Amino acid sequence: MAQFLLETVWLVPLYALIGGLLAVPWSPGIIRKTGPRPAGYVNLVMTFLAFLHSAIALQATWNHPPQEVFIHWLSTAGLDLTIAIEISSISVGALVVIAGLNLLAQIFAIGYMEMDWGWGRFYSLLGLFEAGLCALALCNNLFFSYVILEVLTLGTYLLVGLWFSQPLVVSGARDAFLTKRVGDLFLLIGVLGLWPLAGTWDYNELAVWATTAEVDPNVITLVGLALIAGPMGKCAQFPLHLWLDEAMEGPVPSTVLRNSVVVASGAWVLIKLQPVLTLSPVVSAAMVAIGAVTAIGASLIAIAQIDVKRCQSYSVSAYMGLVFIAVGTQQDEAALLLVLTHALSAALLVMSTGGIIWNSISQDVTQLGGLWSRRPISGLAFIVGTLGLIGFPPLGSFWALMKLADGLWATQPWLVGIVIGVNALTAVSLTREFGLIFGGKPKQMSERSPEVHWPMVLPMVILFGFVLHLPLVLQSLSLLPNWATMNKDVALLLIWSSIFGFSVSGVIYLGNIPKPIRLPWKGLQDLFAYDFYTPKLYRMTIIFSVAQLAKFADMIDRFVVDGIVNFVGLFSLLGGEGLKYSTSGQTQTYAFTVLLGIGLLGAWVTWPYWGVQFLELMF
């Protein structure tokens with residue numbers, strides 16, 4: 001049975017796709033008698049089957065070499081487009097994580113969107129999202145990975161814009177779509193530019209080609225920079241990071257997936273392309289620089305935010321920045337471990353705060369407080385999610401961060417300082433958020449905010465337990481890094497940075513210090529609060545330039561193109577009116593006109609000959 005499920009594991013994306021298609025009749029209201037709820041239940045069943053299928057198949061893949069399945073799609077003019085599917089422990093394990101988190105998010109959505117009018121459409125889009133993510137996990141071809149990423153970009157736009165009657169939602173969906181399209185456009189250029197160099201888009205063949213490739217350094221640098229642009233957008237890296245913040249206008253259950261596995265889709269492609277990207281030292285240095293700037297910058301910005309979702313969205317960008325550093329320094333195992341541990345902890349944090357957003361009037365952390373006694377389950381989930389996201393032993397992210405820092409200690413110790421700094425800043429940010437929401441005395445907005453009902457508590461508790469037991473799961477699968485071979489000094493630095501972050505933020509936000517906290521220099525505080533003025537810089541540069549270019553194109557269209565067309569039309573109209581009064585209806589007049597036209601045409605054609613003869617006679 002397990003072997004059969006392993007051989008057919010490439011069908012797992014179809015479960016979610018079928019669930020999404022079956023939910024379509026309830027989306028526009030074709031079926032009204034039952035209400036929209038069956039759309040959610042159909043998707044739940046199909047997602048559960050996908051999770052069950054992939055979980056059983058995962059056991060059969062262990063200690064077995066990867067297998068490839070080829071689906072021939074198109075072969076013409078020397079171009080062979082074959083869908084390559086890799087069945088390995090890593091890819092099937094990714095299916096388990098994606099299907100499992102989507103299953104929990106859908107259960108959470110039953111409670112969160114209980115009375116929402118977009119229920120059917122929401123579950124259809126979740127099915128599309130899950131199908132795309134599962135297909136990306138299995139896909140072993142760069143071209144088809146790009147196609148799937150485009151589908152996910154469309155899915156992000158539709159999910160964020162679910163409540164399209166709200167202006168902020170519409171602008172958030174539009175900005176998220178356009179920002180990711182910028183990275184996707186450069187990614188397409190890189191995908192097409194890589195084909196003449198390598199002659200293949202298969203990841204395994206690209207890795208083999210990269211070991212002996214002899215290419216022009218300038219060419220491979222340009223191609224590599226284009227290839228990392230797509231993952232930059234998907235992973236919300238500077239300067240393409242603003243879309244994740246804008247996307248927070250969408251429903252919280254979709255945020256569970258977006259903050260955990262959707263942002264990791266770009267990291268997945270980046271890890272697959274790592275052998276190609278290392279051909280250019282410039283590309284590797286660019287990945288490290290982008291990751292370092294985003295990790296530090298986003299961690300600082302998160303501390304100054306007052307919106308519940310924004311605090312967490314910038315923490316997501318910061319951790320994806322660490323993934324960029326890991327790939328740029330050839331730490332692939334650390335990158336995969338970071339993606340896994342971050343996905344589970346980030347999803348738990350979103351569920352914990354999502355319930356607060358659901359039955360509270362405000363999601364401004366400065367207007368909340370005193371919820372610990374009223375919402376103990378959400379509070380405990382937030383604590384465990386925080387501990388699972390930072391370097392706190394023995395939970396998951398400690399091992400991931402430790403593996404990354406240990407691999408960098410001997411070669412690039414300054415990057416270890418960035419990892420430790422990001423860890424401390426994340427501890428400060430999440431402890432601050434916990435203190436403002438759960439600590440202190442109840443305020444007007446949080447006086448009546450009871451614990452959420454069971455459809456939202458159940459997935460939170462399940463994920464709560466899994467985050468706590470993740471180290472045991474990793475140890476049973478022989479994926480836990482060997483403590484004996486690790487640098488104990490790095491481990492102590494990582495642990496002390498977590499304690500320092502907890503302590504500083506705890507004293508400030510759980511103590512009796514008056515709030516809000518103000519930095520001594522208001523300019524620095526505004527710099528963090530307004531995202532280093534990146535949106536303003538966008539408006540002053542890119543948006544302004546595009547607007548002026550659009551105005552110039554409009555002037556050309558109205559005064560040049562339309563002017564020529566209007567002139568031709570007016571000339572034709574006047575000519576026709578003139579000819580109308582010159583006609584007599586006599587046959588000889590028409591014949592004379594035709595002969596005159598032929599004569600003039602003949603004179604014009606033969607003019608070079610007659611012109612020469614005329615000049616000879618004259619001179």
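Let me begin with the cysteines in this predicted model. The sulfur of C235 lies 17 Å from the closest cysteine sulfur, that of C139, which is too far for a bond. A disulfide would require the two sulfur atoms to be within 2.5 Å. Across the whole structure, the search returns 0 disulfides. As for its surroundings, C235 has 0% relative accessibility and therefore counts as buried. C311 is buried as well, with a relative accessible area of 1%.

I turn now to a charged residue, E130, which belongs to helix 5, residues 119–138. E130 is buried, yet it has no salt bridge. Where is the nearest side chain of opposite charge? It is that of R258, 15 Å away; a salt bridge would call for a nitrogen-to-oxygen separation within 4 Å. What E130 does have is a polar contact of 2.9 Å, side chain to side chain, with T47. Setting aside neighbours within four places in sequence, the residues in contact with E130 are A16, A50, A99, I98, T47, N102 and Q106.

Finally, the nonpolar core. The largest one comprises 171 residues, and the members touching the most others are L142, L227, L322 and L463. Which helix gives the most to this core? That is helix 4, residues 89–112, with 15 residues. To take one of those four leucines in detail, L322 is in contact with A295, L338, L401, L404, V419 and V422, again leaving aside neighbours within four places in sequence.

To close, I would return to two points: the search finds 0 disulfides, and E130 is buried without a salt bridge, while its side chain makes a polar contact with that of T47. Thank you.

Definitions and conventions
Residues are numbered from 1 along each chain as its sequence is written. This is a predicted model: local features need pLDDT of at least 70, side-chain atom pairs count only at pLDDT 80 or more; totals for chains, interfaces and linings use all residues. Side-chain values use heavy atoms; hydrogens and water are left out. A nonpolar core is a set of buried Ala, Val, Leu, Ile, Met, Phe, Trp, Tyr and Cys residues joined through side-chain atoms within 4.5 Å. Buried means under 20% relative accessible area, exposed over 50%, partly exposed in between (1.4 Å probe, protein chains only). Helices (H or I, at least four residues) and strands (E, at least two) are DSSP runs, numbered from the N terminus. Contact means heavy atoms within 4.5 Å. Lys and Arg count as positive and Asp and Glu as negative; His and the chain ends are not counted. A polar contact is a pair of N or O atoms within 3.5 Å; within protein, one must be able to donate a hydrogen and the other to accept it, and residues adjacent in sequence count only if both atoms are side-chain atoms.
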